[in-house]
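I opened the notebook again today to go through a model, one lookup at a time. Here is what I asked and what I found.

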Amino acid sequence: RAALISLQRQEAGRAIETLEKSCRANPESTQAWLDLASIYQMSGRTNDAVRIYTKVLKLDSSNSFSYVALARLRFQQRQDQQAMDMLERGARRGRNVSALVAFCYTQGREFVGTSEISRAIPLFQFIARYSPTQRLQFYSLLGELYEGLGYDDEAVKSYTQATMETPPLP
């Protein structure tokens, strides 16, 4: 609570100090470490945030929030392959794959909105792989994106996948 009050007063240094004490007192508390990582991230201390989110995953390898946070930071650093690797690890180990899928959708839409289509494609491929109820839509979307980029072979493959996901007519 003290850290939250400090944040509300825009005293990030005090909030960090409070949370660091909390983490030392409760070294197994993933929530304390997550709070500290979030404040590091908000304060622009990216390397510290990455270090702490990684520590959280050592404490709890199924913590989907940490996988998403690390992927977000890697995308911000334009380290897309590392971001996608983090999401794949999260899908294999995480409890909440839907959180990863939601992040991929949001991040992918952001990339499409800034005309970074090639950065969006792996995110939409992730959704097609890990969200069975959305495969048809995302394979179709991938086909459109590939077609727009002039990657006709990839477009055909995606449209074919979408066709295979189409439920049979009654």
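**Entry: the salt bridge of Arg95**

I began with Arg95, which pairs with Asp60 in a salt bridge whose closest N and O atoms are 3.4 Å apart. I am working on a predicted model, so I read every value here as computed. I then checked where the partners sit: Arg95 is in the loop between α6 (80-93) and α7 (97-113), and Asp60 is in the loop between α4 (46-59) and α5 (64-76). The two are 35 residues apart, and the pair links distant parts of the chain. Is Arg95 buried or exposed? Its relative accessible area is 62%, so I noted Arg95 as exposed.

**Entry: the salt bridges of Glu116**

Next I looked up Glu116, which forms a salt bridge with Arg78, with 3.1 Å between the closest N and O atoms. This pair also links distant parts of the chain: Glu116 belongs to the loop between α7 and α8, Arg78 to the loop between α5 and α6, and 38 residues separate them. Which other residue bridges to Glu116? I found Arg119, again with the closest N and O atoms 3.1 Å apart.

The two arginines differ in their surroundings. Arg78 has a relative accessible area of 55%, which is over 50%, so Arg78 counts as exposed. Arg119 has 9%, which is under 20%, so Arg119 counts as buried. I then traced the links further and found a network of salt bridges made of Arg78, Asp80, Glu116 and Arg119. For the whole structure, my search gave nine salt bridges.

**Entry: positive phi values**

I stayed with Arg78 to look at its backbone. Most residues other than glycine have a negative phi. Arg78 is not a glycine, yet its phi is positive, at about 60 degrees. I found a positive phi at Ser115 as well, near 60 degrees. Ser115 sits in the loop between α7 and α8, and I logged Ser115 as exposed because its relative accessible area is 63%.

**Entry: aromatic pairs**

I searched the whole structure for aromatic pairs and got seven. For one of them, Phe75 with Phe103, the ring centres are 6.2 Å apart and the planes meet at 35 degrees, so I put the pair down as tilted. Phe75 lies in helix α5 and Phe103 in helix α7, so the pair ties together parts that are 28 residues apart in sequence. Both rings belong to buried residues: Phe75 has a relative accessible area of 4%, and Phe103 comes in at 6%. I followed the ring pairs onward and found that Phe75, Phe103 and Phe111 are linked into a cluster.

I also looked for a charge over a ring. The charged end of Lys55 sits over the ring of Trp33, at 4.8 Å from the ring's centre.

**Entry: the nonpolar core**

Which residues have the most contacts inside the largest nonpolar core? I noted Leu36, Tyr53, Phe75, Leu87 and Phe126, in a core of 49 residues. Helix α8 (residues 117-130) gives the largest share, eight residues. I picked Phe126 for a closer look and left out residues up to four places away in sequence. Phe126 then touches Met84, Leu87, Glu88, Ala91, Leu100, Val101 and Cys104.

**Entry: helix α4**

I tested the length of α4 against the usual rise. At 1.5 Å a residue, its 14 residues should span 20 Å, and its end C-alpha atoms are 20 Å apart, so the two agree. I listed the buried residues of α4 as Ala49, Val50, Ile52, Tyr53, Val56 and Leu57. What covers the buried residues of α4? I found that the cover includes α3 (30-42), α5 and α6.

**Entry: the whole chain**

Last, I stepped back to the overall picture. The protein chain has ten helices and zero strands. Its C-alpha trace spans about 60 × 30 × 25 Å along the principal axes. I found that 39% of the 170 residues count as buried. Among the contacts with a separation of 6 or more, 40% come from residues 24 or more positions apart.

Key: Residues are numbered from 1 along each chain as its sequence is written. This is a predicted model: local features need pLDDT of at least 70, side-chain atom pairs count only at pLDDT 80 or more; totals for chains, interfaces and linings use all residues. Side-chain values use heavy atoms; hydrogens and water are left out. A nonpolar core is a set of buried Ala, Val, Leu, Ile, Met, Phe, Trp, Tyr and Cys residues joined through side-chain atoms within 4.5 Å. Buried means under 20% relative accessible area, exposed over 50%, partly exposed in between (1.4 Å probe, protein chains only). Helices (H or I, at least four residues) and strands (E, at least two) are DSSP runs, numbered from the N terminus. Contact means heavy atoms within 4.5 Å. A salt bridge is a side-chain nitrogen of Lys or Arg within 4 Å of a carboxyl oxygen of Asp or Glu. Rings of Phe, Tyr and Trp (its six-membered ring) pair if their centres lie within 6.5 Å; planes under 30 degrees apart count as stacked, over 60 as edge-to-face and the rest as tilted. A charge sits over a ring if NZ of Lys or CZ of Arg is within 6 Å of the ring centre and within 35 degrees of the ring normal. The expected span of a helix is 1.5 Å times one less than its number of residues.
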